[in-house]
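Colleague: Please take a close look at one part of this model for me. Pick a single strand, go through its partners and side chains, and then place it in the whole chain.

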Amino acid sequence: MTAAMAAAAGQAAPQPPHAPSPSPPPPPSPAAPATLAETLVAAMAREIEDGAVVATGVASPLAILAIAAARATHAPRLTYIACVGALDPEIAALHPCSEDLAYLDGRAGEVSIPELFDHARRGRIDLMFFGAAEVDAAGDTNLSAAGPLERPRVKFPGVAGAASLRRWVARPVVVLGRQNRRNLVPKVQLASTSDPGRPTRLLTDLGVFELGGADGAALVARHPAATEAAIAERTGFPYRTVHPLPVTPPPSPECLRAIRRIDAGGLRDRLVG
């Protein structure tokens with residue numbers, strides 16, 4: 001009997017057997033080598049100096065994880081402003097939503113969004129990570145749409161406050177979890193954010209670039225699992241390569257333990273590579 005026939009007869013439709021819910025992936029062994037995601041998160045954490053004031057916006061799980069790892073290792077005195085409105089919350093676990101109310105736990109105080117912008121405008125935010133749908137060699141990023149703004153083919157998540165915050169924070173760092181020629185492009189279709197006059201650091205799952213410099217974009221480091229050929233194949237804008245090209249160090253054992261403890265569910269590996 002189909003569901004429609006059962007409904008017509010006034011009977012409950014037969015239900016298919018209950019499928020078991022997929023179990024979460026097992027946590028990596030403490031001795032397991034660092035994944036691409038863990039290498040990227042550790043590189044992000046190294047951008048944070050001890051005592052720095054850092055902030056996160058919406059859709060920032062990798063940034064939150066990097067901040068928590070930095071605070072657990074080399075930067076215990078950092079000050080963290082979370083977009084949920086918390087000052088120095090305790091980050092016991094990573095959540096998919098950056099506005100999860102769990103990020104209010106253990107906070108030392110509350111910071112409103114207008115106050116966050118005010119701190120940034122006054123030069124009180126040392127570092128902030130920014131995402132992008134597209135980024136070019138000049139450092140412009142597109143968070144708005146593919147195609148003309150009047151008739152976009154695809155709508156991206158939107159710029160929110162990044163257009164202002166990127167120019168106001170002392171050190172903006174752009175992060176892309178999956179580098180390819182669709183997001184590292186010769187010229188962004190729409191410049192949602194730009195920061196002319198100063199170089200911007202770009203971290204990806206393959207390596208580290210400096211964008212917007214007087215000599216154009218430069219590849220300044222590669223991650224251990226990436227080759228220069230792979231980086232060139234997945235980069236859509238022209239760039240020069242620093243020689244000799246440094247290899248980013250792997251996460252320290254302390255950093256790796258912090259990353260795996262805070263993100264026990266492995267969200268990082270679903271966002272990178």
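Modeller: Two strands pair if DSSP finds at least two bridges between them. Helices (H or I, at least four residues) and strands (E, at least two) are DSSP runs, numbered from the N terminus. With that settled, the part I pick is strand E12, residues 207-211.

First, the ground rules. This is a predicted model, in which local features need pLDDT of at least 70, side-chain atom pairs count only at pLDDT 80 or more, and totals for chains, interfaces and linings use all residues. Residues are numbered from 1 along each chain as its sequence is written, and side-chain values use heavy atoms, leaving out hydrogens and water.

Start with the partner on one side. E11 and E12 pair in the antiparallel sense, over four bridges. A hairpin of two residues joins E11 to E12. Across this pairing, Arg 201 stands opposite Glu 210 in E12.

Now the other partner. E12 also runs antiparallel to strand E13 (residues 218-222), again through four bridges. Phe 209 stands opposite Leu 219 in E13. Gly 207 stands opposite Arg 222 in E13. The hairpin of E12 and E13 has six residues between the strands, and Gly 212 takes a positive phi near 75° there.

How covered is E12? Mostly: four of its five residues are buried (under 20% relative accessible area, with a 1.4 Å probe and protein chains only). Glu 210 is partly exposed (between 20% and 50%), because its relative accessible area is 23%.

Stay with Glu 210. Its side chain makes a polar contact with the side chain of Arg 201, at 2.4 Å. A polar contact here is a pair of N or O atoms within 3.5 Å; within protein, one must be able to donate a hydrogen and the other to accept it, and residues adjacent in sequence count only if both atoms are side-chain atoms. So Arg 201 is both the residue opposite Glu 210 and its side-chain polar partner. Beyond four places in sequence, the contacts (heavy atoms within 4.5 Å) of Glu 210 are Pro 199, Thr 200, Arg 201, Gly 216, Ala 217, Ala 218 and Val 220. Glu 210 and Ala 137 are 73 residues apart in sequence, with 8.5 Å between their C-alpha atoms.

One of those contacts deserves its own look: Thr 200. Thr 200 sits in strand E11. Thr 200 counts as buried because its relative accessible area is 2%. Its side chain makes a polar contact with the side chain of Arg 166, at 2.8 Å. Not counting residues up to four places away, Thr 200 touches Phe 209, Glu 210 and Leu 211, along with Arg 166, Pro 172, Val 174 and Asp 195.

Step back to the sheet. It is open, has 10 strands with mixed pairing, and runs in the order E4-E3-E2-E1-E5-E10-E11-E12-E13-E14. Strand E4 (109-110) and strand E14 (240-241) stand at the edges, each with a single partner strand, so one side of each has no neighbour in the sheet. Helix H2 packs on the sheet, touching E5, strand E10 (171-176) and strand E11 (200-204). The direction of H2 makes about 155° with that of E11, where axes are lines fitted to C-alpha atoms, for helices over the stretch in contact, and angles run from 0 to 180 degrees between N-to-C directions.

H2 also helps cover helix H3. Among the elements over the buried residues of H3 are helix H2 (36-46), strand E1 (53-55), strand E5 (127-130) and helix H7 (253-262). In H3, 10 of the 12 residues are buried, so the rest of the structure largely encloses it. In H7, the buried residues include Cys 255, Leu 256 and Ile 259. The cover over H7 includes H2, H3 and H8.

Finally, the whole chain. It has eight helices and 14 strands. Of its 273 residues, 45% are buried. Among contacts with a separation of 6 or more, 66% join residues 24 or more positions apart. The mean pLDDT, the predictor's confidence in each residue from 0 to 100, is 90. 89% of the residues reach 70 or more. Residues 1-19 stay under 50, and the model has eight contacts for them beyond four places in sequence.
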